[in-house]
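Thank you for making time this morning. I would like to talk through the aromatic contacts in one structure, so please have a look at the model before I go on.

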Amino acid sequence: MLDTPETMRAFNRIILENNELYRDAARALNLSENPFWILYSLRDCGGAITQSELVRRMGTSKQTVNSALKALLRDGLIVLEEGHRAKPVSLTEKGEALCAASVDIVRAQEESALTSLTSEEQAQMIALFDRWTQALRARLAENGLAHAQSARKE
């Protein structure tokens, strides 16, 4: 029988270590954490992304995202598409160049790290983490601490 509290401590340690890895990478690339995650999200989605989607992806407040967006706008790295209620965000040419020299490097290292797992292990890791996330969502929703539906957008 597994020691559930010890398992959660180990799981949380891994999550915190991953968070620290990304914080350190952003710092090494001379990027603040929130702008890094906005640029990462823009690369991940492959194009424009709405501000509300950035809030969802980053798991932070609208104010935090808006503050980071203002800095990226000021630096000429992104543009907000006017005329849309949701105001999609996209990269400028300067932003594309910065991503190539920063976010793309991190993403390449993520992909390289994944190759340390077999295809089966990769699929198992994703399936187990997804299953745990959905079980946690259900438990939290039962206690009024989360929405019952999945926030995933595939």
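Let me begin with a definition: a charge sits over a ring if NZ of Lys or CZ of Arg is within 6 Å of the ring centre and within 35 degrees of the ring normal. In this model, which I should stress is a predicted one, Arg107 meets that description, lying over the face of Tyr40 at 5.2 Å from the ring centre. Tyr40 also belongs to an aromatic cluster, which it forms together with Tyr22, Phe36 and Trp37.

Turning from the cluster to the pairs, the structure holds seven aromatic pairs. One of them is formed by Phe11 and Phe129, a tilted arrangement with 5.9 Å centre to centre and 35° between the planes. Since Phe11 lies in helix α1, residues 4-28, and Phe129 in helix α7, residues 119-142, this pair ties together parts that are 118 residues apart in sequence. As for solvent, Phe11 has 23% relative accessibility and therefore counts as partly exposed, and Phe129, at 42%, counts as partly exposed as well.

Phe11 has a further partner, Trp132, and that aromatic pair is again tilted, with 4.6 Å centre to centre and 55° between the planes. Here too the pair links distant parts of the chain, with Phe11 in helix α1 and Trp132 in helix α7, 121 residues apart. Trp132 has a relative accessibility of 32%, so this residue counts as partly exposed.

Methods:
Residues are numbered from 1 along each chain as its sequence is written. This is a predicted model: local features need pLDDT of at least 70, side-chain atom pairs count only at pLDDT 80 or more; totals for chains, interfaces and linings use all residues. Side-chain values use heavy atoms; hydrogens and water are left out. Rings of Phe, Tyr and Trp (its six-membered ring) pair if their centres lie within 6.5 Å; planes under 30 degrees apart count as stacked, over 60 as edge-to-face and the rest as tilted. Helices (H or I, at least four residues) and strands (E, at least two) are DSSP runs, numbered from the N terminus. Buried means under 20% relative accessible area, exposed over 50%, partly exposed in between (1.4 Å probe, protein chains only).
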